[in-house]
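Visitor: Can you walk me through this one? I'd like to start with a single residue and work outwards.

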Amino acid sequence: MALNRTDVEKIAHLARLQIDESSVPEYATNLSNILDLISQMQSIDTSDVEPLAHPLDAVQRLRADNITENNQREHLQTVAPSVESGLFLVPKVIE
Amino acid sequence: MLNKTLAELAKGLDQGEFSSVELTQAYLERIKREDSKYNSFITVTEELALTQATAADETRAAGNATSMTGLPIAHKDIFCTQGVRTSAGSKMLDNFVSPYDATVIRQFNAAGAVTLGKTNMDEFAMGSSNESSFYGPSRNPWNTDHVPGGSSGGSAAAIAAGLAPAATGTDTGGSIRQPAAFCNLTGLKPTYGRVSRYGMIAYASSLDQGGPMAQTAEDAAMMMNVMAGLDPLDSTSADRQVPDYTAKLDAPLTGLKIGLPKEFLSANLNPEMATLIHAAVKEYEALGATVTEVSLPNTALSVPAYYIIAPAEASSNLSRFDGVRYGYRCEDPKNLEDMYKRTRGEGFGTEVKRRIMVGTYALSEGFYDAYYKKAQQIRRLIQEDFVRVLSEVDVIMGPTTPTPAFKLGEKTSDPVEMYMEDIFTLSLNLAGLPGMSIPCGMNNGLPVGLQIIGNYFAEEKLLNVAHKFQQATDWHTLKPAGL
Amino acid sequence: MEWETVIGLEIHAQLATNTKIFSGASTAFGAEPNTQACAVDLALPGTLPVFNESALRMAVMFGTAIDAEIGKVSVFDRKNYFYPDLPKGYQTSQLFYPIVGEGHIDIELEDGTTKRIGVTRAHLEEDAGKSLHEEFTSQTGIDLNRAGTPLLEIVSEPDMRSAEEAVAYVKKIHALVTNLGICDGNMAEGSFRCDCNVSVRYKGEELGNRTETKNINSFRFIEKAIKGEVIRQIDILEDGGRITQETRLYDADKDETRSMRSKEEANDYRYFPCPDLLPIVIDDEYIDTIRKALPELPDVRRSRFVDTYQLSAYDAGVLSSYKPLSDFFETVTTVSADAKLSANWVMGELSKHLNQHDTDIKNSPVSALQLGGLLQRIKDNTISGNIAKKVFEAMWNEGGSADEIIEAKGLKQVTDTGAIEKIVDEVIANNQKQVDQYTAAEPDKRGKMIGFFMGQVMKASGGKANPGQVQGLMKQKLDALC
């Protein structure tokens with residue numbers, strides 16, 4: 001499975017990753033090699049096999065609907081890149 | 001007082017040979033003096049350590065000490081530590097001072113342990129050599145031209161270099177066991193769900209598991225007593241009784257059934273290592289165990305399955321690093337998309353970007369069935385292999401790695417070659433089983449690890465099996481030259 | 001050829017839990033920005049979700065109420081996309097195995113018939129935060145208080161054929177979720193939101209391309225948005241154009257929908273099962289317990305109102321649509337012992353005041369007991385209906401019981417026959433012209449003419465004369481003159 005420049009750029013966009021123009025060929029080669037490695041799976045017939053999402057046969061625990069978190073805004077926003085009036089700021093979003 | 005095991009240090013503290021403050025200071029000084037050679041710490045938490053050590057000494061004086069009170073340890077920089085930078089080895093979190101503690105950190109703090117610092121690691125735990133760290137690679141104390149393994153390479157290097165008596169690690173595809181093997185340590189990857197993942201920065205949620213890295217199985221057992229248990233904050237944490245992991249360390253191994261998977265002792269393995277593994281197994285026979293050959297036919301498929309599942313989960317887990325609420329944000333973003341792309345493009349290193357892209361591709365429209373679903377099906381086949389074999393034997397043994405520690409830069413140019421390093425460790429994570437690596441010999445001056453795999457929640461048995469070997473051999477006591 | 005409209009709806013109902021779907025932070029509306037966004041809601045590195053049991057219970061309540069298949073095993077999936085008010089970069093939702101499967105609900109059409117609308121599924125998911133575009137010039141502010149609020153997304157079959165049917169369906173779902181107490185139904189606050197999928201086709205032909213209109217926050221706007229969208233699509237098609245499959249935004253100020261450019265780019269959500277959450281497994285016992293404990297559903301209540309109180313189908317429909325309203329009505333009726341009168345007052349004077357003051361019945365300044373007390377005084381002739389309106393006004397503004405207000409303002413009805421007779425005599429004496437007309441009129445026309453004299457008497461008595469007594473006396477006296 002060989003990925004070309006367009007594929008790499010499309011994936012990078014979907015993942016919101018800026019990739020240097022110059023390193024695209026290297027990504028294309030490496031990703032293609034990885035996909036070749038991965039393609040080994042295709043030789044196995046798994047048509048009757050139930051996918052395994054989780055190693056343990058466990059079920060979801062439920063949490064009681066009680067408020068356990070109080071306002072920690074100042075504390076939690078100390079690590080924020082840009083904050084004003086309690087809001088996280090990002091470049092203007094145009095809808 | 002340095003170069004001792006946790007158990008020995010606990011004894012020393014108990015008998016008043018030294019205080020926790022003295023012990024902590026000695027380690028801090030040694031880190032300051034020596035770590036430039038190994039780059040094993042990202043952050044040394046001197047002030048925190050001394051505060052905790054002082055408190056530990058007071059606790060001991062008041063007669064309230066536990067077996068962990070006052071013992072200094074290091075934490076992999078993947079565990080969120082309140083008030084301390086928690087970087088996950090990434091530029092993305094270089095400025096991230098965690099506002100909260102991971103459950104594992106909380107548990108060690110509550111037990112009175114002292115945090116020496118946060119250890120180096122592959123960026124977001126993605127790597128097998130520690131070379132993908134934003135903070136530069138950590139080096140193997142046995143030979144600093146070689147890697148300490150990864151992703152918990154900093155923890156391994158720190159212990160091997162005598163900069164910490166023990167450390168926490170995490171294991172998604174071998175990240176505790178492989179560096180333990182490379183650095184002559186005892187590392188335990190517990191059953192998935194045995195140790196809380198809350199506050200442990202996620203790489204691949206269905207595979208990640210925290211565990212101890214130590215000099216002996218006994219020390220690992222002491223740490224498991226602190227780390228294991230149900231956490232209401234982690235939906236995937238197991239609701240199951242936690243034994244005292246030190247209680248049955250000495251139980252005899254008479255009648256222990258060992259399975260040797262032929263797939264682990266075949267072509268991929270360096271013959272000198274194979275000899276060491278067979279010698280270790282002989283030792284177990286001497287201890288009363290019986291050995292049979294078993295087969296895990298889907299072992300080879302664990303590499304492709306893992307390299308779909310882990311990147312797919314990672315691509316989603318790492319979407320939260322967007323420059324909005326914490327962490328790195330690029331300079332002067334032109335608009336929202338520019339902010340996302342440059343923040344993530346500049347904040348993540350090459351290997352992380354590569355895995356995010358593989359995962360994104362595998363999950364994208366039209367490919368889900370061929371990649372992700374297929375990998376989950378293979379995952380079941382791999383699990384079924386183990387379940388079948390473990391119904392016949394008590395433990396499975398084999399090498400932890402195909403070769404001893406390789407040289408820095410040796411495998412960085414070809415990611416696929418690097419991924420093949422994990423061939424013996426990945427399958428365990430896919431199945432969710434517990435596994436250990438313990439020292440079993442030297443190859444060209446570099447340590448070799450024996451991997452021991454047990455059934456679900458059989459950590460107590462694994463520690464017992466490892467401990468008995470360490471009672472009978474002294475491979476684990478070997479130290480790098482000059483220590 | 002005749003155009004046919006095809007409508008399917010996606011309703012997002014915020015579940016009335018105390019805490020978020022995956023964290024212990026409060027879901028209360030209106031707090032200062034980001035004061036109800038905890039470490040999990042902010043998606044701090046290392047944080048993990050734990051599922052809220054109330055959200056599960058409420059979803060199952062809804063499922064049992066619409067007679068749906070309940071997913072014994074349901075699974076959370078991740079829907080991946082980047083947006084600043086989506087902290088994790090994915091929304092936790094249920095794509096492959098939803099908690100509620102196929103069900104249905106019946107709506108009443110204007111012609112009195114009912115129509116069954118299919119509910120395809122209803123699944124649990126988390127709400128996003130809010131992006132505030134207006135506060136800053138070149139920046140958008142992000143408030144994550146809403147992030148992680150549990151939502152039940154209710155997806156209908158494309159079974160509706162007009163805006164009216166769509167509104168009837170939405171109202172029905174609204175009545176149901178508020179009656180069940182699983183959603184507060186507040187559309188202005190966004191607790192109950194609706195996305196409309198609209199397409200048009202020539203009757204009997206294949207489904208055409210559809211548009212999805214978001215951001216509609218009132219029943220009236222749903223109707224307007226759909227009608228506008230239908231006209232827009234027919235115009236395009238009749239001009240030989242094609243409908244672009246897209247997401248549109250309803251602008252209530254301009255009463256039009258417009259394309260959402262930012263979402264135009266083809267999305268690839270890369271759904272996969274969330275590895276941080278395990279399958280939700282429930283058994284029959286859990287479902288049965290919930291089914292048995294369901295409160296009376298609106299349809300059942302409506303029939304009961306017709307049967308027990310002899311209300312008209314319309315009145316019963318209105319009064320059963322919203323549980324607080326139903327409860328209010330029933331309390332008033334218990335006190336007043338007159339269902340018809342109570343229905344008239346609750347749907348009339350009370351609703352008028354609530355609308356004018358934009359107040360929910362739960363916050364009505366006049367309680368059901370107060371209103372019931374007032375109606376008792378109408379029934380026992382202490383006051384007339386008109387005076388009662390004045391008493392109600394005073395009650396609304398100043399509080400107090402009917403008796404206190406009647407006493408304080410001296411509004412008690414005059415029933416003293418002598419006093420009334422005196423006023424009647426005066427009115428007859430002072431209005432000779434009208435008396436002459438009355439006596440000259442044909443007997444069957446006189447009934448209508450008496451209204452004038454009634455009015456004069458009520459005016460002279462300050463409205464306090466008992467209208468029944470006045471009418472009797474006046475007729476008797478006027479007829480005596482004929």
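**Salt bridges in chain C**

Guide: C:Glu164 is partly exposed, at 35% relative accessible area. Buried means under 20%, exposed over 50%, partly exposed in between (1.4 Å probe, protein chains only). This is a predicted model: local features need pLDDT of at least 70, side-chain atom pairs count only at pLDDT 80 or more, and totals for chains, interfaces and linings use all residues. Side-chain values use heavy atoms, without hydrogens and water; residues are numbered from 1 along each chain as its sequence is written, with chains lettered from A and ligands numbered from 1 in the order in which they are written.

Visitor: What does C:Glu164 form a salt bridge with?

Guide: C:Lys227, with the closest N and O atoms 2.8 Å apart. A salt bridge here is a side-chain nitrogen of Lys or Arg within 4 Å of a carboxyl oxygen of Asp or Glu.

Visitor: Where do the two lie?

Guide: C:Glu164 is in helix H2 (residues 163-180) and C:Lys227 in helix H3 (residues 219-238), so the pair ties together parts 63 residues apart in sequence. Helices (H or I, at least four residues) and strands (E, at least two) are DSSP runs, numbered from the N terminus.

Visitor: And C:Arg78 with C:Asp276: how far is N to O?

Guide: That salt bridge is 2.9 Å. C:Arg78 sits in strand E4, and C:Asp276 in the loop between strands E15 and E16, 198 residues apart.

Visitor: Is C:Arg78 buried or exposed?

Guide: Buried, at 0% relative accessibility. C:Asp276 is buried too, at 3%.

Visitor: How many salt bridges over all chains?

Guide: 58.
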